[in-house]
Amino acid sequence: DARERRRLASSGSSEATAAAAAAATTTTGAPQHPWETVRYVPHLDIFGEAPAGGYVRADDRYAAYRVLGLDGRVVDGATAPEFDEATLVRMYECMLRVKTMDKVLYELQRQGPISFYMQAAGEYAIHVGSAAALDARDPVYTQYREAGVFMWRGYTLDDFLNQCFSNERDPAKGRQMPVHYGSRELHMHTVSSPLTTQLPQAAGAAYAHKRAGTGRAVACYFGEGAASEGDFHAALNFAATLECPVLFICRNNGYAISTPVREQFRGDGIASRGPGYGMATLRADGNDLFAVYDAVRAAREHAVANARPVLIELMSYRIGHHSTSDDSTRYRSKAEIDEWAAGNDPLVRVRAYLEQRGWWDDEREAALTKQCSRDVLAAMRRAEALPKPPVHD
């Protein structure tokens, strides 16, 4: 009977493996407790420890998927997504427009018209690549550094500027901090200040969509620092056990404000946590637009087809300060920042690929750069001219 099979499985005898397999199910085929499928051995194994002061061995780390090399060429063995010229140019334009907006609004905060701002320098491929891979009707929960996801979905420069200026056209009527965007029409839930609260919310929303049979996947963005919060673990466990179609998209940019990753964890980043929850997991180069797109598209297909969650870790680097309240040169060198900006800029890689295809040149680059600046400054002037919302509204 089942009791005898479990006794044999725990005995360490030659019959252990077969007994464990048999003990895994009842006579009706229903699964028994998970520990009944564990292989028991008569010797003690200690595993998983990282070296003192370091990470797990390189040979034991999960590999990151890459399509575009640092020179903008497709790496050996990889295949670029089949974007037509118009689509890829639109993706590049969106990345450059967000970069331009970041620069203008960061400087604007320093001058006083807005109270706060957060850039996403170095992470624009994550925004646009992931947003393009989602269905436009998929609900999205962001953290606070995903302006490009909003922009790709149709959030306009006027929408961004009105929210940051807290004027009468700000949907929150000035009751939120700047960069706390949201749009019911675009299926984008409003950014909230408390860290990691969006993860359990996304898991619950995905469960609701599963029960309703909508065929949607919920996308939830967060930084690797947020994965140190308790809500991260609660959200992943709920999503795994309830089998919710949610994509947990982690931007591992190296720093949680001033705390570098080496002080946050000793394990293999965030991807290594997925298997602990029995969750499908992907890791990709977050500075590679094509790799991000492929990873998120594959994850979405898996989540929708199987009604299961997927954890995606996108490896990137935060070139800018954490926010306008931060001076990152106090905890990292300018040389480090400059090295990453010069050698691993996602826009440089996409532009190089476009030029290789004959879809881009210096003249178009100069024209787009100038147009982006004009558009952002015009939206800024319109937003600044509007009155504040009345207190009673």
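In the predicted model, A132 is in contact with M91, W152 and Y293, its neighbours within four places in sequence being left aside. A132 is found in helix α4, which comprises residues 124–133. The relative accessible area of A132 is 21%, and this residue is therefore classed as partly exposed, since buried residues must fall under 20%. A further approach between separate parts of the chain is seen at R297: its C-alpha atom and that of A132 are separated by 8.5 Å, although the two residues are 165 residues apart along the chain.

Y293, one of the contacts of A132, also belongs to an aromatic cluster, in which ring pairs link F83, F290, Y293 and Y353. In total, 13 aromatic pairs were counted. A pair of aromatic rings is described by the distance of the centres and the angle of the planes. For F150 and Y181, the ring centres are 5.6 Å apart and the planes stand at 70°, so the arrangement is edge-to-face, because angles over 60 degrees are assigned to that class. This pair links distant parts of the chain, with F150 located in helix α5 (residues 147–153) and Y181 in the loop between α6 and α7 (198–212), 31 residues apart. Both F150 and Y181 are buried.

Y181 also forms an edge-to-face aromatic pair with F160, for which the distance is 4.8 Å centre to centre and the angle between the planes is 90°. Here too, distant parts of the chain are linked: F160 lies in helix α6 and Y181 in the loop between α6 and α7, 21 residues apart. F160 counts as buried because its relative accessibility is 0%. Y181 is likewise buried, with a relative accessible area of 4%.

Strand β2 (residues 218–223) is mostly covered, six of its six residues being buried. In a regular strand the side chains alternate between the two faces of the sheet. In β2, V218, C220 and F222 point one way, whereas A219, Y221 and G223 point the other way, and all are buried. Strand β2 pairs with strand β1 (residues 140–141) in the parallel sense over two bridges, and Y141 stands opposite C220 of β2. Strand β2 also runs parallel to strand β3 (residues 246–252), to which six bridges join it. Within β3, R251 is the bridge partner of G223. The connection from β2 to β3 passes through helix α8 (residues 230–242), and this β-α-β crossover is right-handed.

Helix α12 (residues 362–385) contains 24 residues, which at 1.5 Å a residue should span 34 Å; the end C-alpha atoms are 35 Å apart, so the model agrees with the expected span. At the start of α12, a side-chain oxygen of D361 reaches to within 3.2 Å of the backbone nitrogen of E363. The buried residues of α12 are E365, L368, C372, V376, A379, M380 and A383. These buried residues pack against three helical segments, namely α3 (85–111), α6 (157–165) and α11 (346–356). Among these packing partners, α6 is also the helix that holds F160, the residue paired with Y181 in the edge-to-face arrangement described above.

How values were computed:
Residues are numbered from 1 along each chain as its sequence is written. This is a predicted model: local features need pLDDT of at least 70, side-chain atom pairs count only at pLDDT 80 or more; totals for chains, interfaces and linings use all residues. Side-chain values use heavy atoms; hydrogens and water are left out. Helices (H or I, at least four residues) and strands (E, at least two) are DSSP runs, numbered from the N terminus. The expected span of a helix is 1.5 Å times one less than its number of residues. Buried means under 20% relative accessible area, exposed over 50%, partly exposed in between (1.4 Å probe, protein chains only). Contact means heavy atoms within 4.5 Å. A polar contact is a pair of N or O atoms within 3.5 Å; within protein, one must be able to donate a hydrogen and the other to accept it, and residues adjacent in sequence count only if both atoms are side-chain atoms. Two strands pair if DSSP finds at least two bridges between them. A crossover is right-handed if, with the strands pointing away from the viewer, the path from the first strand over the helix to the second runs clockwise. Rings of Phe, Tyr and Trp (its six-membered ring) pair if their centres lie within 6.5 Å; planes under 30 degrees apart count as stacked, over 60 as edge-to-face and the rest as tilted.
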